[in-house]
Amino acid sequence: AEEAAAEIDGIMREADALPRSPQILTSDSTPEHIQKRLVETKGWAAVFSDDARAFLKIILGLYTDGESREEIMLNAYDGSKPMRVGRIGRGDLEVADPCLSAYLMTQPDMICRVGQRAELVASGHNSRYVWVVPPSLVGARNADGSIARDWTDKEPSESARAAYVRVVRLLLCGSVESTERVLHPVSEAAKQAWVRFYRQAE
């Protein structure tokens, strides 16, 4: 037992001595790759995809005969509990405060597939996302009969681009070394919408 404990301590010291990787972003990754990224960054990772169909298919069980693979999204949700990552032949590593974010864009059919999987609902996977589904403007017309979303050659202004870049950099830089818990308040209308959903679910 003492030898095993000493080996574990050695592995942990080895992991702590490694520099933190700045590469926190990934896209259409398997759960194993996300775990690897969490180890390399010592607990920080984000899945960003402007077409998350491939990633969601993996969660739905593309490579596991239809068995859903949502564990990584559950275990590394908010950094509240450690996560152990197995390494073949080298023992396990523990990520002390894993925190995984996801920003996924996809088509309505994939949203339906994820929403209709009973195990993803029961496990709490689906409730960990903020689902944003804008109304379709296909075929929509203004009061004068013109197309609601007509073609335009307009481009974002340089000031808008610069402001967007500043905000993104501020969010990234502010979160890199922060260990403080940040609370995001919601409006009363948003709270009441959540209450209605909660009562419907119950």
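**Figure 1. Helix H8 is hardly covered in this predicted model.** Of its 14 residues, the count that is buried is zero. The helix takes in residues 188-201. At 1.5 Å a residue, H8 should span 20 Å, and its end C-alpha atoms are 20 Å apart, so the expected and modelled spans agree.

**Figure 2. The whole protein combines eight helices with five strands.** Along the sequence, the elements follow the pattern α-β-α-β-α-α-β-β-β-α-α-α-α. The protein has 202 residues, and buried residues make up 21% of them. Take the contacts between residues at least 6 apart in sequence: 54% of these join residues at least 24 apart.

**Figure 3. Three strands make an open sheet.** Their order is E1-E2-E5, and the pairing is parallel. Strand E1 (25-26) and strand E5 (99-104) are the edge strands, each pairing on one side only. Strand E2 covers residues 44-49. Two bridges link E1 and E2 in the parallel sense. Here Thr26 stands opposite Val47 of E2.

**Figure 4. Helix H2 lies across the strands E1, E2 and E5.** The helix is formed by residues 31-40. It runs at about 135 degrees to E2. Buried residues of H2 are Pro31, Ile34, Arg37 and Leu38. Seen down the helix axis, the buried residues fall within an arc of 115 degrees, so they line one face of H2. Just after the helix comes Lys42, with a positive phi of about 60 degrees.

**Figure 5. Thr41 sits in the loop between H2 and E2.** Its relative accessible area is 0%, so Thr41 counts as buried, the cut-off being under 20%. What does the side chain of Thr41 reach at 2.9 Å? The partner is the backbone oxygen of Arg37, a buried residue of H2. A second backbone oxygen, that of Trp44, lies 2.3 Å from a polar atom of the Thr41 side chain. The Thr41 side chain thus has polar contacts with the backbone of both Arg37 and Trp44.

**Figure 6. Ser49 lies in strand E2.** Is Ser49 buried or exposed? Its relative accessibility is 9%, so Ser49 counts as buried, again by the cut-off of under 20%. The Ser49 side chain reaches the backbone oxygen of Asp51 at 3.0 Å. A polar atom of that side chain also lies 3.3 Å from the backbone nitrogen of Ala52. Leave aside neighbours within four places in sequence, and Ser49 is in contact with Asp28, Tyr103, Leu104 and Met105. Among these partners, Tyr103 and Leu104 fall within the edge strand E5 (99-104).

**Figure 7. Ile111 has its place in helix H5.** This helix takes in residues 108-116. With a relative accessibility of 24%, Ile111 counts as partly exposed. Which residues does Ile111 touch, not counting those up to four places away in sequence? They are Thr106, Trp131 and Val133. Arg53 is 58 residues away from Ile111 along the chain. The C-alpha atoms of Ile111 and Arg53 are separated by 9.4 Å.

Definitions and conventions. Residues are numbered from 1 along each chain as its sequence is written. This is a predicted model: local features need pLDDT of at least 70, side-chain atom pairs count only at pLDDT 80 or more; totals for chains, interfaces and linings use all residues. Side-chain values use heavy atoms; hydrogens and water are left out. Two strands pair if DSSP finds at least two bridges between them. Helices (H or I, at least four residues) and strands (E, at least two) are DSSP runs, numbered from the N terminus. Contact means heavy atoms within 4.5 Å. Axes are lines fitted to C-alpha atoms, for helices over the stretch in contact, and angles run from 0 to 180 degrees between N-to-C directions. Buried means under 20% relative accessible area, exposed over 50%, partly exposed in between (1.4 Å probe, protein chains only). A polar contact is a pair of N or O atoms within 3.5 Å; within protein, one must be able to donate a hydrogen and the other to accept it, and residues adjacent in sequence count only if both atoms are side-chain atoms. The expected span of a helix is 1.5 Å times one less than its number of residues. The arc is that of the directions from the helix axis to the C-beta atoms.
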